[in-house]
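Got the model open and wondering what to look at? Let's walk through it one question at a time.

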Amino acid sequence: MSDDDPQPIRRAAVLVAAAREILVLTGAGISAESGIPTFREAQTGLWAAYAPEDLATPEAFVRHPERVWGWYQWRRALIARGGVNAGHRGIAQLGASRRVFVATQNVDGLHAAAGSRAIAELHGNIWRDRCGSCGATVDNKVAEPDTQDPAYCHRCGTMMRPDVVWFGEMLPTEALRAAESALARADAVLVVGTSNRVYPAAALVDAAIESARPVIEINPRPTGVSHAVDVRVADSASRALPALAALLDEAPANG
Ligand code: ZN
């Protein structure tokens, strides 16, 4: 059976068509298709001298706040340039006629931009700043590299930080609970563009497999859970998800 075999996507469509609620777990792979470099691949040019671990930690922010600000500006610019792709749109299309909950490890905000409505951002959102002292948050839509000085909290004067999860930090409790609750309700789980190695987000995939819910993996490359999923679609998100949505539009929504 070749990777071009149409059967896996059709089997996936049968499982999703029978589901009343669908949980979609996404990772860096779906946004990489927008040309947005993954966390590690973003280390080019000016930033090649730094490891992500030296920029995405609370300690790095204390030591070199301007540098960390600059790196996040750079990453916002890359995201703005990449934009949503057919994979993000395909998930939004699924949600137009069915109950779909998206839990993502991506901080780029592209699921919302594509039109998905129920989303848990497990690693935060790069388009929002947060005060590390008082917790105030404020949108930050600046996507031009090297133009923005660090912002300070309007409440307490502390320098703001990006509202993302850094190395060594906990995931936002509310987002994680929402994802776990969506998993408990879901009748089918789609795992898209994630290597399933980053915990605790990867634990949701493990739990889905253990719970005997149908699990469909969409990933051009095999991952650590490929052997355990019900259907493996060996294709890119930007090809497989629109195809899946089109197959489902031919089938009546359930409930
Ligand atoms: Zn504050």
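Q: Is Y72 buried or exposed?
A: This is a predicted model, so take the values as computed from it. The cut-off for buried is under 20% relative accessible area. Y72, which sits in helix α4 (residues 65-82), has a relative accessible area of 3%. That makes Y72 buried.

Q: Which residues does Y72 touch, not counting residues up to four places away in sequence?
A: Contact here means heavy atoms within 4.5 Å. With those neighbours up to four places away set aside, the list for Y72 is L55, A56, I126, P162, V164 and W166.

Q: How far apart are the C-alpha atoms of Y72 and P214?
A: Along the chain, Y72 and P214 are 142 residues apart. In space, their C-alpha atoms are separated by 37 Å.

Q: Which protein atoms are the donors of the zinc ion?
A: Look along the chain for the spacing C-x2-C-x18-C-x2-C, which the zinc donors follow. Each donor lies 2.3 Å from the zinc ion. They are C131 (SG), C134 (SG), C153 (SG) and C156 (SG).

Q: What is the geometry of the zinc ion's site?
A: Four donors count as tetrahedral if all angles lie between 85 and 135 degrees. The angles among the four donor atoms here run from 98 to 123 degrees. For reference, the ideal angle for four tetrahedral donors is 109.5 degrees. So the site of the zinc ion is tetrahedral.

Q: How many residues apart in sequence are the parts that C134 and C153 tie together?
A: C134 lies in the loop between β4 (124-131) and β5 (137-139). C153 is in the loop between β5 and β6 (160-164). The pair therefore ties together parts whose separation in sequence is 19 residues.

Q: Which class, buried or partly exposed, does C153 fall into?
A: Its fellow donor C134 has a relative accessible area of 32% and is partly exposed. C153 comes out at 6% relative accessibility. Since buried means under 20%, C153 counts as buried.

Q: Where is T104, and is it buried or exposed?
A: T104 is found in strand β2 (residues 99-104). Leaving out residues up to four places away in sequence, T104 touches T26, H111, I119, A120, E121, L122 and H123. Its relative accessibility is 2%, so T104 counts as buried.

Q: Which residues are the closest to the centre of the largest pocket?
A: The largest pocket has a volume of about 1,200 Å³, and 43 residues line it. α2 (28-32) and α4 each supply at least two residues of that lining. The closest to its centre are A28, T38, F39, Q105 and V198.

Q: How many residues of each class, nonpolar, polar and charged, are in the lining of the largest pocket?
A: Sort the lining by side-chain class, keeping in mind that Gly counts as polar and Ala as nonpolar. The split is 23 nonpolar, 13 polar and seven charged residues.

Q: What is the phi of N196?
A: N196 lies in the loop between β7 (188-192) and α8 (201-210). At 8% relative accessibility, this residue counts as buried. N196 isn't a glycine, yet its phi is positive, at about 60 degrees.

Q: Is A212 buried or exposed?
A: A212 sits in the loop between α8 and β8 (215-218). A212 is a residue other than glycine with a positive phi, near 70 degrees. Exposed means over 50% relative accessible area. With 67% relative accessibility, A212 counts as exposed.

Q: What separates the C-alpha atoms of R213 and T158?
A: R213 also has its place in the loop between α8 and β8. Leaving aside neighbours within four places in sequence, R213 is in contact with L183, A184, A186, V189, A208 and D230. T158 is 55 residues from R213 along the chain, and their C-alpha atoms are separated by 46 Å.

Q: What separates the C-alpha atoms of S97 and D249?
A: S97 is in helix α5 (residues 86-97) and is partly exposed, with a relative accessible area of 36%. Along the chain, S97 and D249 are 152 residues apart. Their C-alpha atoms are separated by 8.2 Å.

Technical notes:
Residues numbered from 1 in each chain as written. Predicted model: local features only at pLDDT ≥ 70, side-chain atom pairs only at ≥ 80, totals over all residues. Heavy atoms only, no water. Helix = DSSP H or I, 4+ residues; strand = E, 2+ residues; numbered from the N terminus. Buried < 20%, exposed > 50% of the residue type's maximum accessible area, 1.4 Å probe, protein only. Donors = N, O, S within 2.8 Å, 3.2 Å for Na, K, Ca; no water. Tetrahedral: all angles 85-135°; square planar, octahedral: opposite > 155°, others 65-115°. 1 Å grid on protein atoms, 1.4 Å probe; cavity = no way out; pocket = protein on both sides within 12 Å on 5 of 7 lines; lining within 4 Å. Points joined across faces, edges and corners; volume = space filled by probe spheres on them.
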